[in-house]
Amino acid sequence: MIHLTDISKQHGSQILFQNAGLQILPGSRTGLVGPNGAGKSTVFRLITGEEEADKGEISCSKKTLIGYFSQDVADMSGCSALEEVMSASSEVLQLAEQMKEMESSMAEPMDDDEMADLLERYGNAVEEFEHRGGYDLESRAQSLLTGLGIGPDDFNRPVETFSGGWKMRIELAKILTLNPDVLLLDEPTNHLDVESIIWLEEWLTGEFKGALLMTCHDRDFMNRIVSRIIEVGNMTATTYSGNYDFYLQEREIRKNQLMAGYRRRQEMLSKEEEFIARFAARPSHAAQVQSRIKKLEKIERIVLPPEQRKISFEFTEPPRSGDDVVRLEQVDKTWPMVDGAEKSVFGGISGLIRRQDKIAVVGVNGAGKSTFLKVLAGQTESSRGTVTIGANVNIGYFSQHSMDILDPGKTVFETVQEAIPQAGIGVIRNLCAVFLFQGDDVDKRIANLSGGEKSRVVLVTLLARPLNLLILDEPTNHLDIQSRETLLKALQKFTGTVVLVSHDRHFLRSLVGRVFEIDHGEMRVYGGDYSYYLEKSRQET
């Protein structure tokens, strides 16, 4: 369907690809992986024609419709959410108009040849219209919006009134409505909650029939969707048959095989070179020496790829808190409305958070999870009831809005150094590297960082301090899989208390031992891990 053959591509002095090749086959479900800067986004742009290869060939049928969802959302204004989603299918709407015009023309008198030509064009238009899902375009757009968390009450709401994260959902629905032959998704789960992620999984595995190529930092999502992996790195692209977990296992096997082959080759080369050096000056061995020199010249050398830097991070031992960390008694939270009334977020919540608990707060979008964390962290006061913080509890709170408190004039390094002034340069740089600030990146000013980069800086400053209660609202957003695993292992070893909201199911399944579910303004406590909660929820449903 789409073939990239012997592709070479260079950005400035950085060579991304050199004679690399990859294929997107009809109906295939492929994950695109690789370290930051290896060229994943460049692959997408080469396929869509936004960039051209310096060398090589990209072949794709002219009739192949490509849908590309990226993290760069164009300006949206002047229409409703539903109209914005349907606008992506402008060619389908034009086809509908052409079909109406041709139907009107059929009622006019014409000779047989003209009618035959008109019928042929009409048949082609109808076939294309059906292929693009023209007959159910509006209902499909509505269904996609609903699945992504934007219900019927918001279909006609102006797009400019939605926040950035919700605009990303509208953009995703817009691309999916196209029903493309090839779907390119760049981090589709970044701004979705668990319910929307599960819905998207089901849609991609059930409804969508085209080919898929995607990057994603959600390990569970990748494992459930893809059946092959393309790894970009070291100026090439390598294909693995299987999901993400299989890819990790197979990559390790291939690496060990390459290392074994490299060692055998080096031993053989060493013996040949020793023989040549030993007998080079002896005329009696001249023929043998020349033979071995020619043999060495013909041997293809095995080149080991550069070792990826393995990043590790562990919390400093936090001060011990009291056994009762937070006690909640009949806590209510309401927000004042414009008309003077109050909107209830949740009410009558009671519970106890104990030392070393690792708790997930779950619930549908809009249930009040983030508000609950704010109440725990003291960022907002409860409307009624009491929140009692235990003895010697030091709270660290992370949210997606914490970046507003950063000093735009400081660099990343200076910001982290301010949080841990006693730490050495090496410790600070290693901590920054955990969250993808490596080399000269630590000298970037906060003002020049993207929203995701600012979010990671806040996470660094939070985790560097001696805290014993971490309250984390979506801490894995904008982290790649390797950084998520690093954070997960650090939190697993953390001897303090953790309360978090996250849409990463692998992260929750591997970390938490209790679950607080907020549903219809009430809180239910599950005394087991995330898998236990899911099983109990299914039984209750």
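**Close-up views of a predicted model**

**Figure 1. Strand β17 and its parallel neighbour β12.** Strand β12 (residues 358–362) and β17 run parallel and are joined by four bridges. The structure shown is a predicted model. Within this pairing, V362 has E517 of β17 as its bridge partner. Strand β17 covers residues 514–519, and six of its six residues are buried, so the strand is largely enclosed by the rest of the structure. The burial applies to both faces: R514, F516 and I518 lie on one side, V515, E517 and D519 lie on the other, and all are buried.

**Figure 2. The hairpin of β17 and β18.** Strand β18 (residues 522–526) runs antiparallel to β17, and five bridges join the two strands. Opposite F516 stands V525 of β18. Two residues separate β17 from β18 in this hairpin, and H520, in the turn, has a positive phi of about 50°.

**Figure 3. The six-stranded open sheet.** Strands β12, β17 and β18 belong to an open sheet of six strands, with the order β14-β15-β16-β12-β17-β18 and mixed pairing. The edges are occupied by β14 (395–398) and β18, each with a single partner strand, so one side of each is left without a neighbour in the sheet. From one strand to the next, the twist averages 15°. On the other side of β12 from β17 in the strand order comes β16. Strand β16 (residues 497–501) pairs with β12 in the parallel sense over three bridges, and L500 of β16 is the bridge partner of A360.

**Figure 4. Helices lying across the sheet.** Two helices are shown with the strands that they cross. Helix α14 (residues 451–463) lies across β14 and β15 (469–473), and runs at about 170° to β14. Helix α17 (residues 530–540) lies across β12, β17 and β18, and its angle to β18 is about 120°.

**Figure 5. Helix α7.** Helix α7 consists of 14 residues, 194–207. The distance from its first C-alpha to its last is 19 Å, close to the 20 Å expected at 1.5 Å a residue. Its buried residues are V194, S196, I197, W199, L200, E201, W203 and L204. An α-helix has 3.6 residues a turn, so residues three or four places apart point the same way.

**Figure 6. The surroundings of T215.** T215 is part of strand β7 (residues 211–215). With a relative accessible area of 3%, T215 is buried, because this value falls under the 20% cut-off. The side chains of T215 and D186 are joined by a polar contact of 2.7 Å. Leaving aside residues up to four places away in sequence, T215 touches L32, K40, F44, L185, D186, E187 and P188.

**Figure 7. The protein chain as context for the close-up views.** The protein chain contains 17 helices and 18 strands. Its C-alpha trace spans about 100 × 90 × 50 Å along the principal axes. Of the 541 residues in the protein chain, 47% are buried. The accessible surface of the chain is about 27,300 Å², and carbon and sulfur atoms account for 47% of that surface. Among the contacts with a separation of 6 or more, 68% are between residues 24 or more positions apart.

Technical notes:
Residues are numbered from 1 along each chain as its sequence is written. This is a predicted model: local features need pLDDT of at least 70, side-chain atom pairs count only at pLDDT 80 or more; totals for chains, interfaces and linings use all residues. Side-chain values use heavy atoms; hydrogens and water are left out. Buried means under 20% relative accessible area, exposed over 50%, partly exposed in between (1.4 Å probe, protein chains only). Two strands pair if DSSP finds at least two bridges between them. The expected span of a helix is 1.5 Å times one less than its number of residues. Axes are lines fitted to C-alpha atoms, for helices over the stretch in contact, and angles run from 0 to 180 degrees between N-to-C directions. Contact means heavy atoms within 4.5 Å. Accessible areas come from the Shrake-Rupley method with a 1.4 Å probe; for residues, only the protein chains shown count as cover. A polar contact is a pair of N or O atoms within 3.5 Å; within protein, one must be able to donate a hydrogen and the other to accept it, and residues adjacent in sequence count only if both atoms are side-chain atoms.
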